Structures are given as structure tokens and as C-alpha cells.
Number of protein chains: 2
Amino acid sequence: MPERPQNSEPHLRTRRDHASETAEDYVEAIDQILEVRDTCRLTDLARRFAVSHVTANRIVERLQREGYVTTEPYQPIRLTRKGKRLASECRKRHEIVFQFLLAIGIDAETAANDAEGIEHHVSPATLERFREMSNAGSS
Amino acid sequence: MPERPQNSEPHLRTRRDHASETAEDYVEAIDQILEVRDTCRLTDLARRFAVSHVTANRIVERLQREGYVTTEPYQPIRLTRKGKRLASECRKRHEIVFQFLLAIGIDAETAANDAEGIEHHVSPATLERFREMSNAGSS
DNA sequence: CGAAAAGTGTAGCCATTGCTAAATTACCGT
DNA sequence: ACGGTAATTTAGCAATGGCTACACTTTTCG
């Protein structure tokens with residue numbers, strides 16, 4: 001009988017779905033790009049993530065499959081409502097982590113970098129604590 | 001001409017980052033298991049990460065290829081000096097993140113989970129700040 | 001000792017995310 | 001309007017990390 005992975009609590013977090021992180025990063029990026037330009041193109045994403053446009057295309061395809069974005073051939077990328085919702089959540093979370101890092105004395109550039117890595121791995125409880133602490137420091 | 005990411009080497013971006021994280025997690029786990037048992041077997045790792053022994057084996061093969069562990073067929077897994085060094089670094093870093101989360105008031109279980117996700121994404125500068133703050137709070 | 005159980009290894013499948021190369025489409029500017 | 005350039009799609013390869021199924025070795029126990 002093959003062993004069947006069941007409850008290995010400590011590492012379920014570590015084994016989190018990388019695909020979700022990618023989705024969040026891309027949706028967040030699309031949202032940000034749409035703030036500045038009127039359209040978001042594949043090339044924008046490829047540049048942003050320093051990957052080839054082919055890779056970006058693959059990921060956009062997956063996002064579309066999962067209902068976060070819509071595209072038509074050779075057309076710009078738009079966020080669905082679901083995509084916008086996710087982007088909004090990610091942005092809030094990102095901002096909390098970023099402000100928290102600033103509040104504890106990390107320089108802005110480092111804080112921005114670290115926030116991108118950390119944001120996907122913070123539990124709601126910890127996030128809430130981060131928010132409390134950055135509010136206390138900045139108010 | 002297709003845009004070319006600065007990195008000269010192919011397939012070396014996020015993929016590499018994830019592979020490094022996996023390596024760190026496994027080396028760290030092997031080190032911890034060797035603290036309790038006298039030997040570390042494939043099955044121990046498979047259980048720990050809640051994956052099949054096949055997946056664990058794949059990763060151990062890679063670790064061996066990269067010089068972190070040594071194994072012989074049907075024999076336990078041992079850390080090389082390089083592997084022990086990496087494990088030690090990971091353990092320190094993990095401990096700093098964990099203690100920091102405790103210091104800011106996160107409960108132990110959540111802190112343990114979050115630390116595993118966060119530890120791979122903290123810059124040296126932020127890590128140092130974490131260390132200062134947990135020292136200040138717990139001493 | 002010998003057979004069952006546990007542990008490992010191998011083959012082969014899939015998805016994701018990298019890439020290059022080449023084909024296709026859209027967008028300009030002359 | 002046409003041709004060139006930029007953007008996009010498609011095809012196809014590699015590495016990582018998931019899996020099942022099956023073969024094989026080691027260990028354990030009756």
C-alpha cells in the first residue's frame with residue numbers, strides 16, 4: 001500500500017501552492033499597470049517579471065482558465081471581477097506588510113523587496129498584528 | 001530580436017528560487033530528524049513534507065547532485081559538510097523569524113507556520129532587525 | 001530459515017514555469 | 001496603402017516537483 005500523504009501540519013504551509021502565488025503576483029501587477037496605463041499588455045508583464053513574453057503568455061493563459069483575466073487574441077489583458085477582487089486583497093496585504101517593515105525601521109527599498117516575498121506567507125493573524133503595529137508607529 | 005532577461009543562464013529565475021527553498025527545507029528537515037533519530041530515511045522526509053517517497057527521492061537526488069547530502073542505495077541519508085553548513089544557517093534564520101513573531105505577540109503555532117513560509121524571503125537587513133527586536137523583547 | 005512488511009528504486013504520466021525559434025497579427029509611419 | 005516593426009501566438013525543449021504502479025532490497029518476525 002502506497003503511503004498516502006495526510007496531515008503533516010507543520011509543513012503544509014511550506015508546501016503551499018506556488019501557482020497561487022504566481023497568480024496573485026500577476027493579478028496584482030496587472031492591476032498596478034492598469035493604474036498607470038490604460039491597457040495592460042503581455043509585454044508589460046514580461047518586463048515587470050523579467051521573463052520572456054512566452055512565459056508571461058503561459059501564465060496569462062492559466063489566469064484566464066481560472067477566471068481572473070480575460071483576453072482575446074492580440075488584445076490587451078483585462079481583469080475580471082474575480083481578478084479585481086483578488087488584486088484588491090493582494091494590494092491591501094502587500095501594503096500592510098510593506099508599512100510594517102517600514103515601521104520597524106527597514107529602509108524603503110529593502111522593505112519593498114521583502115514585502116513581495118513575505119506577503120504570500122503571512123497568516124491572517126500575523127497580518128492583523130502587523131497592521132496594529134504599523135498603525136501604532138505611524139499615527 | 002526577442003527581449004533577453006539579464007541573467008545569462010537559461011531557466012534560472014523563479015524556478016531557481018523555488019528549488020533553493022526546497023533544498024533549504026529538506027536540508028533543514030534532515031538536520032532536525034538527525035537530532036532525534038540516529039538515521040534519516042527517505043520515508044522520514046516523505047512523511048515530514050507529506051509527499052510520496054518518490055517525490056522525496058527526486059529531491060534527495062537533486063540535493064546529492066548539488067552536494068548537500070550523500071546516500072547509497074537503500075541506505076540512510078547523510079548531510080555533507082556543505083549540507084550541515086546550510087542546515088545551520090537555515091536553522092538560525094528560522095529561529096530568528098520564529099522568535100521575532102513570538103516577540104510581537106503571535107501565538108506559537110501560528111508563528112511556527114508563518115516562520116516556515118517567511119524565512120526564505122527575508123533579506124539580511126530585515127533579519128538583523130528581527131533579531132534586534134526579539135532580543136529587546138525577550139531578554 | 002523463510003515469508004511478510006517496510007523501505008527504496010524505476011518507469012512513466014501530468015502541470016508549472018523557464019527558454020528559443022519561428023509564424024502570425026497589429027500598429028505605425030512614410 | 002504598404003512595408004517594417006513591435007507584439008503576440010504557437011511549437012517544442014528542459015528542469016522541478018507532484019503522482020501511481022510496479023519491481024526490488026532490507027528488515028523483521030514467526
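**Entry 1: loop residues**

I started at B:Tyr74, which sits in the loop between strand E1 (69-70) and strand E2 (78-79) of chain B. This is a predicted model, so I keep that in mind throughout. B:Tyr74 is not a glycine, yet its phi is positive, at about 65°. Buried or exposed, I wondered about B:Tyr74? B:Tyr74 counts as exposed because it has 7 C-beta neighbours inside 10 Å.

Next I looked up A:Ala50, in the loop between H3 and H4 of chain A. A:Ala50 also has a positive phi, near 55°, and is a residue other than glycine. With 13 other C-beta atoms within 10 Å, A:Ala50 comes out as partly exposed; the exposed class stops at 12.

**Entry 2: around the DNA**

I then went to DNA strand D and found 24 residues surrounding it. The closest are A:Arg41, A:Leu42, A:Thr43, B:Thr22 and B:Ser52. Which helix gives the most to this surface? I noted H3(B), with 5 residues. The elements supplying at least two residues each are helix H3 (42-49) and helix H4 (53-65) of chain A, plus helix H1 (14-36) and helix H3 (53-65) of chain B. By class I have 11 nonpolar, 9 polar and 4 charged residues near strand D.

**Entry 3: H2 against H5 in chain A**

I checked how H2(A) and H5(A) pack: their axes come within 8 Å and cross at roughly 95°. That angle falls between 65 and 115 degrees, so I call H2(A) and H5(A) roughly perpendicular to each other. From H2(A), A:Glu24, A:Val27, A:Glu28 and A:Asp31 meet a set in H5(A) that includes A:Leu86, A:Cys90, A:Arg91 and A:His94. I sorted the residues of this contact into 4 nonpolar, 2 polar and 4 charged.

A:Ala19 is in helix H2 (residues 18-36) of chain A too. A:Ala19 counts as exposed because it has 11 C-beta neighbours inside 10 Å. I also took its C-alpha to C-alpha distance to A:Arg129: 27 Å, with the two positions 110 residues apart in sequence.

**Entry 4: the cores**

The largest nonpolar core has 22 residues. Those with the most contacts inside it are A:Val97, A:Leu101 and A:Ala115, together with B:Val97, B:Leu101 and B:Ala115. Two or more residues each come from helix H5 (81-103) and helix H6 (108-118) of chain A, and from helix H4 (81-103) and helix H5 (108-118) of chain B.

I followed A:Leu101 further: leaving out residues up to four places away in sequence, it touches A:Ile106, A:Ala111, A:Asp114, A:Ala115 and B:Thr126. I also noted a second, separate core of 19 residues, with B:Ala46, B:Ile59, B:Ala87 and B:Cys90 among them.

Methods
Residues are numbered from 1 along each chain as its sequence is written. Chains are lettered from A and ligands numbered from 1 in the order in which they are written. This is a predicted model: local features need pLDDT of at least 70, side-chain atom pairs count only at pLDDT 80 or more; totals for chains, interfaces and linings use all residues. A residue is near a molecule or strand if its C-beta atom, placed from the backbone, lies within 6 Å of it. Helices (H or I, at least four residues) and strands (E, at least two) are DSSP runs, numbered from the N terminus. Ala, Val, Leu, Ile, Met, Phe, Trp, Tyr, Cys and Pro count as nonpolar, Asp, Glu, Lys and Arg as charged, and the others, Gly among them, as polar. A residue is buried if 20 or more other C-beta atoms lie within 10 Å of its own, exposed if 12 or fewer, and partly exposed in between; C-beta atoms are placed from the backbone. A nonpolar core is a set of buried Ala, Val, Leu, Ile, Met, Phe, Trp, Tyr and Cys residues joined through C-beta atoms within 7 Å. Two residues are in contact if their C-beta atoms, placed from the backbone, lie within 7 Å. Axes are lines fitted to C-alpha atoms, for helices over the stretch in contact, and angles run from 0 to 180 degrees between N-to-C directions. Angles under 35 degrees count as roughly parallel, over 145 as roughly antiparallel, 65 to 115 as roughly perpendicular and the rest as oblique.
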